[in-house]
Amino acid sequence: MIVFLEHPIALLATTIVTGLCYGGIQAVIPYTIFSYYGQSRFGFLYSFLHVFSASNGFILSLVSGRLYDYFSQDRTEAGDVVCYGTMCYIFTLCITTCCLIIATALAVWLFVRERRHDEMKSRRGPLLGLINA
């Protein structure tokens, strides 16, 4: 995957996938939280979505900085680290994209699982659902 990201079209495709994953998580998780925990705890648990998104950005920025320092080979006269080329950020983009694909797959899996559970519950009917509950 890393070799292909040096081509501009592959970099654009990876960036689009990353954006779609962020949007997919933001779209699917609220419904899943509401379905699993109900309205009474929705606000509290929904705020964790934003806390985890912010912590993800913080942790991945630390990883990005470490990888930038690792791949930088040039130093300026002032001692600053300088990195030129695509290798400075490709690994960070790959790590971010892989984490987002895994998180999106888990979110979609929970969403589909909950939808199937809701469909099974609605097929039982109101009285049969109360008897089996």
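**Close-up 1. The largest pocket of the predicted model has a volume of about 510 Å³.** A pocket is an open set of points on a 1 Å grid over the protein atoms alone, where a 1.4 Å probe fits, with protein on both sides within 12 Å along at least five of seven lines. Grid points are joined across faces, edges and corners, and the volume is the space filled by probe spheres set on the points. The lining, meaning residues with an atom within 4 Å of a point, comprises 19 residues, of which Ile-25, Ile-29, Phe-48, Leu-49 and Phe-52 lie nearest the centre. Two or more lining residues come from each of helix 1, helix 2 (42–71) and helix 3, and helix 1 gives the most, with seven. Helices are DSSP runs (H or I, at least four residues), numbered from the N terminus. By class, 16 lining residues are nonpolar (Ala, Val, Leu, Ile, Met, Phe, Trp, Tyr, Cys, Pro), three are polar (Gly and others outside the nonpolar and charged sets), and none is charged (Asp, Glu, Lys, Arg).

**Close-up 2. Helix 1 covers residues 8–37.** Its 30 residues should span 44 Å at 1.5 Å a residue (1.5 Å times one less than the number of residues), and the end C-alpha atoms are 43 Å apart, which agrees. A kink of about 25° lies at Ile-29, shortly before Pro-30; the bend is the angle between axes fitted to the seven residues ending there and the seven starting there. Both Ile-29 and Pro-30 are buried (under 20% relative accessible area, 1.4 Å probe, protein chains only), and other buried residues of helix 1 include Thr-14, Cys-21 and Ile-25. Just after the helix, Gly-38 has a positive phi of about 85°.

**Close-up 3. Six aromatic pairs occur in the structure.** Rings of Phe, Tyr and Trp (its six-membered ring) pair if their centres lie within 6.5 Å; planes under 30 degrees apart are stacked, over 60 edge-to-face and the rest tilted. Tyr-31 and Phe-111 have ring centres 5.2 Å apart and planes at 70°, so this pair is edge-to-face. Because Tyr-31 lies in helix 1 and Phe-111 in helix 3 (residues 90–124), the pair ties together parts 80 residues apart in sequence. Tyr-31, at 28% relative accessible area, is partly exposed (between the buried limit and the exposed class, over 50%), as is Phe-111 at 25%.

**Close-up 4. The rings of Tyr-36 and Tyr-37 form a tilted pair.** Their centres are 6.3 Å apart and their planes at 45°. Tyr-36 is partly exposed at 34% relative accessibility. Elsewhere, Phe-34, Phe-42 and Tyr-46 form one aromatic cluster.

Residues are numbered from 1 along each chain as its sequence is written, and side-chain values use heavy atoms, without hydrogens and water. In this predicted model, local features need pLDDT of at least 70 and side-chain atom pairs count only at pLDDT 80 or more, while totals for chains, interfaces and linings use all residues.
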